[in-house]
Amino acid sequence: MLHVALVLGTRPEAIKLAPLILALRAEPRRFRTTVVLSGQHADLVAPILAFFDIRADIDINLMQPNQSLASLTSRAVTELHRVLGELEPDWVVVQGDTTTAMACALAAFYLKIKVAHLEAGLRTNRIDSPFPEEINRRFISQIAALHWAPTAASARALRREAMPLPHARIVVTGNTVIDALLLGVARLRTAPVPDADRDRIAAFLAADQRHRFVLVTGHRRENFGEPLRQICRTLARLAAADQRALFLYPVHPNPNVRTTVDEMLGRVPNIVLTAPKNYPEFLQLLDLSHVIVTDSGGVQEEAPALGKVVLVTRDTTERPEGLKTGLVKLVGHQPTRLLAAVRSALVASRRARRAPKPAFPYGDGAAAARCVKSLLAKSP
């Protein structure tokens, strides 16, 4: 029996690791599965695990108010080194590019425990964008023995870098975010979860066929400060000019985001600011939306599978496959470009006779099963 420890700390990690945790726990004769929480975003992670009926085994609760990257990283490496040393798993699984994932990979390396990297090979080729995620994922790639690349392009990026471990293996799996999305949306369409914002939007859309719903998210560090202020000014201008559009923005709890957004958008009548949504609530909003304005990597992956138009408020993306679908567009934070992009998307939506067709550049919903298969093949 293989002992696999899966370490997570943020909302995207919980979403993308959930299908893999379920797949591993479905085979108790082959796997002993331990789920470790770093506590990086504890309040955002708990509802996701509950939605998928997953209970964590260990919580090291690292989160502190207004913590710096340096303090979080140092405490994460120290605590994860201690926990992994006690567990002695055969494999440690990390996901993506968070501080939790990078610190966990380093702690496992120090203990000579094999690392499997879920969502490996994403690259923008700019170490400052996204920050610090691009460096985190490159660092993990130097350590991992098993690279689960979501797409062929991600696998090619890894091969170009010539993996330093001679026994390292790259497997194209698709992205588990699509596994989670398809499972979650199917469940919610038949049994919605209660949410007053969702009911308000549904009533708004039912009142007039020309009404449109714009879902907004934003939390990236590179957009803190003036970039976020420019995005907010543009959203306020768009909302004032188009009363048939309703904007909803679940605001990230980071003070660098919340303070700016509350100050600049809190009094705009057709912009609704809410606390962060839990995963099922957010999926319902995603399913209702016509246009999405976001700097999120995960939303870039999820939305095309539902046929949604995504305007990305970043200058680069490590997910170029979505751009090829025509549903995802890089628009940055400059007001003129963002304003034109949102207006164009709303006009196109109102003129279209039907919603755009879904696109699946990131997987078919079977990524977790491929990960399990490759884990067995890679182990003695």
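Rings of Phe, Tyr and Trp (its six-membered ring) pair if their centres lie within 6.5 Å; planes under 30 degrees apart count as stacked, over 60 as edge-to-face and the rest as tilted. The model is predicted, with local features requiring pLDDT of at least 70 and side-chain atom pairs pLDDT 80 or more, while totals for chains, interfaces and linings use all residues. Residues are numbered from 1 along each chain as its sequence is written, and side-chain values use heavy atoms, without hydrogens and water.

**Exercise 1.** State how many aromatic pairs there are, and classify the pair of F52 and Y279.

*Solution.*
1. The count comes to four aromatic pairs.
2. For F52 and Y279, the centres are 5.7 Å apart and the planes meet at 35°, so this pair is tilted.
3. F52 lies in the loop between α2 (42-51) and β3 (58-59), whereas Y279 belongs to helix α11 (residues 279-288); the two are 227 residues apart. Helices (H or I, at least four residues) and strands (E, at least two) are DSSP runs, numbered from the N terminus.
4. Both residues, F52 and Y279, are buried, that is, under 20% relative accessible area (exposed is over 50%, partly exposed in between; 1.4 Å probe, protein chains only).

**Exercise 2.** Identify the aromatic cluster that contains F51, and the charged end over the ring of F51.

*Solution.*
1. F51 forms one aromatic cluster with F52 and Y279.
2. The charged end of R187 sits over the ring of F51, 4.8 Å from its centre. This term requires NZ of Lys or CZ of Arg within 6 Å of the ring centre and within 35 degrees of the ring normal.
3. Likewise, the charged end of R11 sits over the ring of F282, at 5.0 Å from the centre.
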